[in-house]
Amino acid sequence: MYNKRGQVTVFVILGIILVAVVAFVLYTTGVFTRFGIGGETGDVFVGSQVEPSKVIVRDCVERSLVNGILFVSVQGGYFDPVYYETLGGHDVSYACKDGINSLPLLSFIEGEIAQFMAQDSEMDNIQNCISDGFNSLESRGINVEYSFGDLALPTPRINNDGMAQDIDFSYNLKKGTDVAQVGDLRVDVPSSLRAVYDIAVDVVNTECSGIEFDIDDYVWEASQAYDVLAASIANSQIVDGYQPWYLTSFDPEGNGESLRFHFIIEQ
């Protein structure tokens, strides 16, 4: 009787050891994970990192886009104007010179913002920002395969209440044999540029026609239509044959700086 009990005990111990060994082998080979036992599957984990990776890219590009909007706006719609006066550290362009209305079209301003973003310094900032963000993903076990040779920023588009920037950039997120491909992206930035520009059109069309623009009687219809606060319309005294104009709007870009659209009228 004693021997039988002893044999049973030995078999029980061997059985426990065998189960433990099998469980260890299955765990180390990833069988549990692949069948959803004991944790998130590899493909689900990789997939869950797609949106965070997109946020990284969008945020990095958005910073440059906002800076471009503000820089080009304060120079009267130009990144590198031909005719200008340096005021407050910026090259503020002439919107009316020699009796010719030279206020740029919105499509031209889009191209000027694209030029700002295409500067080597801006592209370096964007790439460094993306690299830092992707490094944070890799610290969580995600391998990010990418090349900045695949990164391109087409000309942004101004719309009624903001700007849209397409981002041509493809990369892969990998963990083991699981891969998620991420393609072209887009960032939308709220901006009052369109509403302020429409006010500038009214000012320049009037002044360049030889008629004095009456600030006090002006109705900001364009601004009201877009539900954007145009904080002020102001001008300075005529100096050396030119008069600076300053349009300022509430800045919905959210970086603490008002959107300023400045230009010069030759007198």
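Aromatic pairs, then. A search of the whole structure, which is a predicted model, finds 15 of them. I'll take two.

Start with Phe134 and Tyr146. Their ring centres are 5.0 Å apart, with the planes at 70°. That angle is over 60 degrees, so the pair is edge-to-face. Where do Phe134 and Tyr146 lie? Phe134 is in helix α6, residues 120–138. Tyr146 is in strand β4, residues 143–146. So the pair ties together parts that are twelve residues apart in sequence. Phe134 has 0% relative accessibility, so it counts as buried. Tyr146, at 28%, counts as partly exposed.

Second pair: Phe213 and Trp245. Here the centres are 5.8 Å apart and the planes stand at 85°, so this one is edge-to-face too. It links distant parts of the chain, 32 residues apart. Phe213 sits in the loop between α7 (193–207) and α8 (221–225). Trp245 sits in strand β11. Both Phe213 and Trp245 are buried.

Back to Phe134 and Tyr146 for a moment. Together with Phe148, Phe169 and Tyr171, they form one aromatic cluster.

Now stay with strand β11, residues 242–249, which also holds Gln243. Buried or exposed, this Gln243? Its relative accessibility is 12%, so Gln243 counts as buried. Which side chain does the side chain of Gln243 meet in a polar contact? That of Trp245, at 3.4 Å. Beyond four places in sequence, Gln243 has further contacts, including Glu207, Asn235, Phe263 and Gln267.

Last item, a charge on a ring. The charged end of Lys97 sits over the ring of Tyr94, 4.6 Å from the ring centre.

Note on methods: Residues are numbered from 1 along each chain as its sequence is written. This is a predicted model: local features need pLDDT of at least 70, side-chain atom pairs count only at pLDDT 80 or more; totals for chains, interfaces and linings use all residues. Side-chain values use heavy atoms; hydrogens and water are left out. Helices (H or I, at least four residues) and strands (E, at least two) are DSSP runs, numbered from the N terminus. Buried means under 20% relative accessible area, exposed over 50%, partly exposed in between (1.4 Å probe, protein chains only). A polar contact is a pair of N or O atoms within 3.5 Å; within protein, one must be able to donate a hydrogen and the other to accept it, and residues adjacent in sequence count only if both atoms are side-chain atoms. Contact means heavy atoms within 4.5 Å. Rings of Phe, Tyr and Trp (its six-membered ring) pair if their centres lie within 6.5 Å; planes under 30 degrees apart count as stacked, over 60 as edge-to-face and the rest as tilted. A charge sits over a ring if NZ of Lys or CZ of Arg is within 6 Å of the ring centre and within 35 degrees of the ring normal.
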